[in-house]
Amino acid sequence: VFPYEYQRALKQVTEKEAATETTPAEVKVEPSVRDIEESVTDATMEKKRLEKILDKNRGFVKYKRETAMYRSPEKRQKDWDEIYNTDGVRRGLRVQAARCMDCGVPFCQSSHGCPLGNIIPKWNDLINNKWKEALNQLLQTNNFPEFTGRVCPAPCEGACVLGINELPVTIKNIECSIIDHAF
């Protein structure tokens with residue numbers, strides 16, 4: 001038994017290797033730097049560029065759980081707004097989604113985790129740039145994510161495999177942010 005997808009991937013790798021071996025040595029290479037200013041790196045821009053590129057494979061090792069997700073009690077006593085620090089949560093949302101391990105058996109979406117059977121690892125991949133697809137995935141199993149994203153006790157976070165030795169992924173915040181972004 002040889003999976004078709006694996007066969008296709010091996011074929012693509014061999015084709016790519018064959019293409020790089022047969023390229024002529026006389027290919028003229030254009031210099032990537034046309035101006036002296038392009039050769040000087042801007043440290044702040046480089047840092048911003050690296051922040052945009054998240055390590056999804058080792059994110060659970062590199063990134064820590066965002067713990068300051070609630071507004072201070074002093075501010076919450078004076079108004080009727082959300083208890084969550086929504087701006088802070090949304091700023092770190094992609095990093096928190098990158099913490100998902102894509103484990104083989106996602107207990108977060110099993111009967112041990114989400115009682116609704118939400119497809120949680122799928123959201124974590126889709127919230128980077130595909131908000132509409134993330135919303136469609138969420139609405140397949142959850143009729144009222146605007147409520148459950150706020151009042152659910154989040155057993156999915158307790159069932160997260162990462163929670164064995166680290167703080168789990170902020171699944172509840174991701175769910176709430178998907179539906180808020182949709183509105």
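Reader: How much of the chain is buried?

Author: Of the 183 residues in the chain, 29% are buried. Keep in mind that this is a predicted model.

Reader: Okay. And how many helices and strands does the chain have?

Author: Count 12 helices and zero strands. Walk along the sequence and the pattern reads α-α-α-α-α-α-α-α-α-α-α-α. Now look at contacts between residues with a separation of 6 or more: 63% of them join residues 24 or more positions apart.

Reader: Let's take one helix. Which residues of α9 are buried?

Author: Helix α9 covers residues 131–141, and its buried residues are Ala134, Leu135, Gln137 and Leu138. Looking down the axis of α9, you find these buried residues within an arc of 160°, so they line one face of the helix. The general idea helps here. An α-helix has 3.6 residues a turn, so residues three or four places apart point the same way.

Reader: What is exposed on the other side of α9?

Author: Lys132 and Gln140 are exposed there.

Reader: And what do the buried residues of α9 pack against?

Author: They pack against three helices: α8 (120–126), α10 (145–151) and α12.

Reader: Next up, salt bridges. How many does the structure hold?

Author: It holds six salt bridges. The general idea is that side chains of opposite charge can pair when their charged atoms come close. Start with Glu5 and Arg8, whose side chains meet in a salt bridge at 2.7 Å, N to O. Both residues lie in helix α1 (residues 4–21), three residues apart, which is about one turn of the helix.

Reader: Are Glu5 and Arg8 buried or exposed, and why?

Author: Glu5 counts as exposed because its relative accessibility is 52%. Arg8 is partly exposed, since its relative accessible area is 42%.

Reader: Which parts does the salt bridge between Glu157 and Arg65 tie together?

Author: First the contact: the side chains of Glu157 and Arg65 meet in a salt bridge at 3.2 Å, N to O. Glu157 lies in helix α11 (residues 155–159), while Arg65 is in the loop between α4 (59–62) and α5 (73–76), so the pair ties together parts that are 92 residues apart in sequence. Glu157 is buried, with a relative accessible area of 13%, and Arg65 counts as buried too, at 15% relative accessibility.

Reader: What about Arg150? Which residue does it form a salt bridge with?

Author: Its partner is Asp180, and the closest N and O atoms are 3.0 Å apart. Arg150 lies in helix α10 and Asp180 in helix α12, so this pair ties together parts that are 30 residues apart in sequence. Arg150 is partly exposed, with a relative accessible area of 26%. Asp180 also counts as partly exposed, at 22% relative accessibility. There's a third member to find: Glu82, Arg150 and Asp180 are linked in a network of salt bridges.

Reader: Now phi angles. Which way does phi usually go?

Author: Most residues other than glycine have a negative phi. Here, Asp102 has a positive phi, near 50°. You'll find Asp102 in the loop between α7 and α8, and Asp102 is partly exposed, with a relative accessible area of 39%.

Reader: And what is phi for Ala154?

Author: Ala154 has a positive phi as well, near 60°. Ala154 sits in the loop between α10 and α11. Unlike a partly exposed residue, Ala154 counts as buried, because its relative accessibility is 9%.

Reader: Can we end with pockets? What volume does the largest pocket have?

Author: The largest pocket has a volume of about 180 Å³. Ten residues line the largest pocket, and the closest to its centre are Arg90, Arg91, Leu93, Arg94 and Trp131. The elements giving two or more residues to this lining are α6 (86–91), α7 (93–98) and α12 (171–182).

Reader: Which helix gives the largest share of the lining?

Author: That's α7, with three residues. Sorted by class, the lining has four nonpolar, two polar and four charged residues.

Reader: One more, in α6. How far apart are Thr86 and Met69?

Author: Thr86 is found in helix α6. Thr86 and Met69 are 17 residues apart in sequence, and their C-alpha atoms are 7.5 Å apart in space. Thr86 counts as partly exposed, at 27% relative accessibility.

Terms used: Residues are numbered from 1 along each chain as its sequence is written. This is a predicted model: local features need pLDDT of at least 70, side-chain atom pairs count only at pLDDT 80 or more; totals for chains, interfaces and linings use all residues. Side-chain values use heavy atoms; hydrogens and water are left out. On a 1 Å grid over the protein atoms alone, a cavity is a set of points where a 1.4 Å probe fits but cannot get out, and a pocket is an open set with protein on both sides within 12 Å along at least five of seven lines; lining residues have an atom within 4 Å of a point. Grid points are joined across faces, edges and corners, and a volume is the space filled by probe spheres set on the points. Helices (H or I, at least four residues) and strands (E, at least two) are DSSP runs, numbered from the N terminus. Ala, Val, Leu, Ile, Met, Phe, Trp, Tyr, Cys and Pro count as nonpolar, Asp, Glu, Lys and Arg as charged, and the others, Gly among them, as polar. Buried means under 20% relative accessible area, exposed over 50%, partly exposed in between (1.4 Å probe, protein chains only). The arc is that of the directions from the helix axis to the C-beta atoms. Contact means heavy atoms within 4.5 Å. A salt bridge is a side-chain nitrogen of Lys or Arg within 4 Å of a carboxyl oxygen of Asp or Glu.
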